[in-house]
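Here's a quick briefing on the aromatic rings in this one. Have a look at the model first, then read on.

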Amino acid sequence: MWDTIFNLGNGLALLMWLCLIALPRWPALLAAVLYLGVAVLCLAYAGLLVALLGGVINPVREAGLGGSRGFGDFSLGGIASLFRSQGGVTVGWLHYLALDLFAGLWIARDADAKGFSRWIQAPILLLTFLAGPFGLLVWLVIRERRARATGRWS
């Protein structure tokens, strides 16, 4: 089950990223990335999170990692235990996929609004796809430099 959820999430995110980077940004495309991409990933994450919190699934127990440590243990050991299970990694990965795609969508919209060429945007979006916070940081630095140079902050 975890492999299927993981692969479906990856496939959906990859498709949305390809659309965001390579296709014209028509309003319908941006809506599809937001609702068919980000929202579906968020829905899958939320459903699994509720199942974890409700005790319906316990990936730590399912992985045979023992003990009562499970999703509610937010210590370093508890998180490490959770991520040693396929279920924990899958839920965590859906979290990353959803938020990174949302960050990429925001970057694309913001860059379009500020008149950045797609050639400048593409490597930043690719970096955000591969290493979300790093790509977001690069975008924030670039947009700040442009804002200082032009005096336009919005």
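Searching the whole structure turns up four aromatic pairs; a pair here means Phe, Tyr or Trp rings (the six-membered one for Trp) with centres within 6.5 Å, called stacked with planes under 30 degrees apart, edge-to-face over 60 and tilted for the rest. Keep in mind that this is a predicted model: local features need pLDDT of at least 70 and side-chain atom pairs pLDDT 80 or more, while totals for chains, interfaces and linings use all residues. Residues are numbered from 1 along each chain as its sequence is written, and side-chain values use heavy atoms, with hydrogens and water left out.

**The Trp-93 and Tyr-96 pair**
- Trp-93 meets Tyr-96 edge-to-face, at 6.1 Å centre to centre and 70 degrees between the planes.
- Both residues sit in helix α5 (residues 86–113), three residues apart, or about one turn of the helix; helices are DSSP runs of H or I, at least four residues, numbered from the N terminus.
- Trp-93 is partly exposed at 34% relative accessible area, and Tyr-96 is also partly exposed, at 45% (buried is under 20%, exposed over 50%, partly exposed in between, with a 1.4 Å probe and protein chains only).
- Ring pairs also bring in Phe-6, giving a cluster of Phe-6, Trp-93 and Tyr-96.

**Around Phe-116**
- Phe-116 and Trp-139 pair up edge-to-face, 4.8 Å centre to centre with 75 degrees between the planes.
- That pair links distant parts of the chain, 23 residues apart: Phe-116 is in the loop between α5 and α6 (118–130), Trp-139 in helix α7 (residues 132–150).
- Phe-116 and Trp-139 are both buried.
- Arg-146 puts its charged end over the Phe-116 ring, 3.8 Å from the centre (the test is NZ of Lys or CZ of Arg within 6 Å of the ring centre and within 35 degrees of the ring normal).

Key
Helices (H or I, at least four residues) and strands (E, at least two) are DSSP runs, numbered from the N terminus.
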